[in-house]
Amino acid sequence: MMRLDKYLCETGFGTRSQVKALLKKGLVSVNGELEKRPERKVDEHADTVSCGGKDAVYREFTYLMLYKPAGVLTARSDRRERTVFDLIPVDLRRDLSPVGRLDRDTEGLLLLTDDGALSHHLLSPRHHVEKVYFARVQGTLREADILRFQEGLDIGDERMTLPAKLEIQKSGAQSEAFVTLHEGRYHQVKRMFQALGCEVLYLRRLSMGSLALDESLAPGEWRALSEEEISLLKKEEGLRDGTDEAN
Ligand code: URA
């Protein structure tokens with residue numbers, strides 16, 4: 001059993017003060033009956049809670065998508081700089097970890113979860129999960145660069161990069177492109193462009209596997225993943241989803 005306000009926080013409806021406001025407004029029901037008391041105890045395995053017409057489904061694990069803004073570190077805490085955890089309500093931080101890192105100046109999709117198995121699958125080099133980025137670079141991108149990305153580049157590591165896709169959107173003194181990678185080495189996109197003689201000026205991650213950055217989020221905003229997004233990610237990773245255990 002847990003307090004209703006905590007339950008709503010943990011199912012992704014906002015911070016403690018935000019969910020208290022939702023309760024006050026009469027937007028929350030428990031087992032079909034209006035409930036305004038934040039201290040009301042609910043059984044996370046038996047009660048049906050809904051908020052603003054949406055079911056608040058309790059999950060063993062938490063999955064959040066954050067639109068990481070530039071200028072924050074992908075770290076738990078830092079003495080001087082803001083980190084991605086400073087953007088997540090205290091109630092939700094619990095045991096969350098970011099799935100991979102984005103550089104301080106990179107924006108975009110960052111998944112945070114306490115589901116270690118999913119995180120491991122998404123990050124494991126063996127699984128080659130696709131990541132798509134948008135990049136603006138200083139320098140001209142040419143057709144020949146598409147082939148160089150495809151063939152793999154020497155970025156100073158022991159191994160060449162795996163085949164990657166470069167889709168040029170704009171070519172000039174500054175160029176723009178989508179990049180699709182199947183691995184995640186340190187500063188990989190920046191080092192790949194560097195190998196072509198271009199400097200990355202702006203970088204945003206758009207997707208990771210089936211999970212795409214929600215375009216309605218502004219930088220710094222987050223939301224809980226939907227049931228569908230969670231099941232798709234799990235299916236993609238060949239993990240058994242709790243919802244289809246019978247299969
Ligand atoms: N590649 C980079 O160079 N930086 C990132 O943050 C992510 C991918």
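Which residues surround the ligand? Running along the chain, they are Leu102, Asp103, Thr106, Tyr133, His187, Gln188, Val189, Lys190 and Leu203. Keep in mind while you look around that this is a predicted model.

Let's stay with the ligand for a bit. By residue class, its shell divides into four nonpolar, three polar and two charged residues. If you want to know which element gives the largest share, that's helix H6, residues 188-195, with three residues of the shell. Now for the polar contacts. A ligand nitrogen sits 2.7 Å from an N or O atom in the side chain of Asp103. On the oxygen side, a polar side-chain atom of Thr106 is 2.9 Å from a ligand oxygen. His187 comes in with its backbone: an N or O atom there lies 3.3 Å from an oxygen atom of the ligand. As for cover, the ligand on its own has 240 Å² of accessible area, and the protein covers 96% of that.

His187 deserves a second look. You'll find it in the loop between strand E12 and helix H6. Its phi is near 50°, which is a positive value in a residue other than glycine. Is His187 buried or partly exposed? Its relative accessibility is 27%, so it counts as partly exposed; the cut-off for buried is under 20%.

Walk back from that loop and you get to strand E12 itself, residues 174-181. It's mostly covered, with six of its eight residues buried. E12 has antiparallel pairings with two strands that we can take in turn. With strand E10, residues 131-138, it shares eight bridges, and the two run antiparallel. To find your place in that pairing, look for Val137, whose bridge partner in E12 is Ser175. Strand E10 also brings us back to the ligand, since Tyr133 is one of the residues around it, and E10 covers residues 131-138.

The other pairing is with strand E11, residues 165-170, joined to E12 by five bridges, again antiparallel. Here Lys170 stands opposite Glu176 in E12. How many residues lie between E11 and E12 in their hairpin? Three residues separate them.

Next, move to the earlier part of the chain, where there's an open sheet of four strands. Their order is E3-E2-E5-E6, with antiparallel pairing. Why is one side of E3 and of E6 left without a neighbour in the sheet? Strand E3 (33-34) and strand E6 (54-55) stand at the edges and each has a single partner strand, so one side of each is left open in that sense. In the interior of that order, strand E2 (residues 28-30) pairs with strand E5 (residues 49-51) over three bridges, in the antiparallel sense. One of the pairs to look for is Val30 with its bridge partner Val49 in E5.

Right after E2 comes another residue with a backbone angle worth checking. Asn31 isn't a glycine, yet it has a positive phi of about 50°. It's placed in the loop between E2 and E3. With a relative accessible area of 42%, Asn31 is partly exposed.

Thr83 makes a nice contrast in cover. Thr83 is also a loop residue, found between strand E7 (63-68) and helix H3 (90-93). Its relative accessibility is 0%, so it counts as buried. What does its side chain find there? A polar atom of the Thr83 side chain lies 3.2 Å from the backbone oxygen of Arg76. Leaving out residues up to four places away in sequence, Thr83 touches Val72, Leu73, Ala75, Arg76, Ser77 and Asp78.

Finally, zoom out to the whole chain. Its secondary structure comes to seven helices and 15 strands. The C-alpha trace spans about 65 × 45 × 30 Å along its principal axes. Of the 247 residues, 47% count as buried. The accessible surface comes to about 13100 Å², and 47% of this belongs to carbon and sulfur atoms. As for contacts along the sequence, take those between residues at least 6 apart: 65% of them join residues at least 24 apart.

How values were computed
Residues numbered from 1 in each chain as written. Predicted model: local features only at pLDDT ≥ 70, side-chain atom pairs only at ≥ 80, totals over all residues. Heavy atoms only, no water. Near = heavy atom within 4 Å. Polar contact = N/O pair within 3.5 Å; in protein donor to acceptor, adjacent residues only side chain to side chain. Areas by Shrake-Rupley, 256 points an atom, 1.4 Å probe, with all protein chains shown as cover. Nonpolar A, V, L, I, M, F, W, Y, C, P; charged D, E, K, R; others polar. Buried < 20%, exposed > 50% of the residue type's maximum accessible area, 1.4 Å probe, protein only. Contact = heavy atoms within 4.5 Å. Pairing = 2+ DSSP bridges.
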